[in-house]
Amino acid sequence: MIRRLLFATLLVLSAPAAAELQGHGAMVNAVAVSPDGRRALTGSWDYSVRLWDLAAHKELKALEEHTQSVNAVAFLPDGRRGMSGSFDGTILLWDLETGKVERKFEGHRASVAGLAVSRDGRRAFSASWDRTLRLWDVAAGRSLRVFEGHTQNVYAALILPDGRTGVSASYDLTIRLWNLETGEALGVLEGHTNSVNALAISADGKILASGSTDGTVRLWDLAARTELRVLEGHRGFVTSVALTPDGKRLLSGGGDRTFRLWDAETGRQLRNMQGHRRPVWSVAFSPDGRRGLSAGYDEVVKIWDLATGEEVPAPQ
């Protein structure tokens, strides 16, 4: 008996550790990867934002200034600053080197559910349950414009690479396009049959991906304002999507606890990665597209080798 126990212990100790980022004390709502691929930001129901070293699989800082759950996170292009949006209705700009808040953005009257930063880092675009979107001057910390048109909670926001166009997704089943300079509504994309929860854009701004409670991921040609294809496979709601810069591959996470990799050009599912014990709430690619991150309601973030579909072992 003792010999068997010793052998079992040795097996556990010698097994490679999974690349789970552990530290949050509640469900993880959001994950973003830094432009250089070395760090990640996560947001959680434990009210905190956490900064991680991806190579070491180690928490670097816990950023704790929000008073309610953190729903959205984003890096600025310099990689030294980040932003977070919260159920408390505020957005915070963080100095990630010191862990201090540089600026607080106030104006939304309900939860901030989505957040995007322009390529030059000068402006941010936020989506809120108050049914509006806001464009922000990051340096000044002030609201530049309020966008109204959605009839229900707004869940996701994007700024296209041109810096002049915004995209939003809502519980009202629609995706809307906006002129960020004038506030003008540019069009509506319709096709989802339930709440649209997530958006992602290719680096050239031509291909848009959306994920919905209807269980599908849809790809859109933004120039033509038409639906390209529907990706089906999730058994339940889709919470999050991400595209590689070239728009050729897509990640999705869902309420079925799976993390899926797709060929965006054909709609073929390449991998179905399972490991989370509860819904996957946010997904992200590494900048080189070789790895994927999935954040779950089981309080962990997993790192995956997308070539094999296996979790990346932690360094010994």
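Which residue in β19 does Ala198 stand opposite? The partner is Gly211.

Before going further, a word on the model: it is predicted, with local features needing pLDDT of at least 70 and side-chain atom pairs counting only at pLDDT 80 or more, while totals for chains, interfaces and linings use all residues. Residues are numbered from 1 along each chain as its sequence is written, and side-chain values use heavy atoms, leaving out hydrogens and water.

**Strand pairs**

Strands here are DSSP runs of E with at least two residues, numbered from the N terminus, and two of them pair if DSSP finds at least two bridges between them. Here are two such pairs side by side.

| Pair | Sense | Bridges | Residues opposite each other |
|---|---|---|---|
| β18 (residues 196-201) and β19 (residues 207-212) | antiparallel | five | Ala198 and Gly211 |
| β12 (residues 132-137) and β13 | antiparallel | six | Trp136 and Ser143 |

Strand β18 is largely enclosed by the rest of the structure, because six of its six residues are buried (buried is under 20% relative accessible area, exposed over 50%, partly exposed in between, with a 1.4 Å probe and protein chains only). Five residues sit between the strands in the hairpin of β18 and β19, and Gly205 takes a positive phi near 75 degrees there.

The other pair belongs to an open, antiparallel sheet of four strands, ordered β10-β11-β12-β13. At its edges stand β10 (112-117) and β13 (142-148), each with a single partner strand, so one side of each has no neighbour in the sheet. From one strand to the next, the twist averages 20 degrees (axes are lines fitted to C-alpha atoms, and angles run from 0 to 180 degrees between N-to-C directions).

**Around Leu250**

Leu250 lies in strand β23 (residues 249-254) and is buried, with a relative accessible area of 0%. Leaving aside neighbours within four places in sequence, its contacts (heavy atoms within 4.5 Å) include Ala209, Val217, Trp262 and Phe285. Ser240 is ten residues away from Leu250 in sequence and 10 Å away in space, C-alpha to C-alpha.

**A pocket**

The second largest pocket holds about 180 Å³ of space. On a 1 Å grid over the protein atoms alone, a pocket is an open set of points where a 1.4 Å probe fits, with protein on both sides within 12 Å along at least five of seven lines; lining residues have an atom within 4 Å of a point. The volume is the space filled by probe spheres set on the points. Among the lining residues are Arg38, Asp288, Arg290 and Ile303. The lining divides into four nonpolar, two polar and four charged residues, where Asp, Glu, Lys and Arg count as charged and Gly is among the polar ones.
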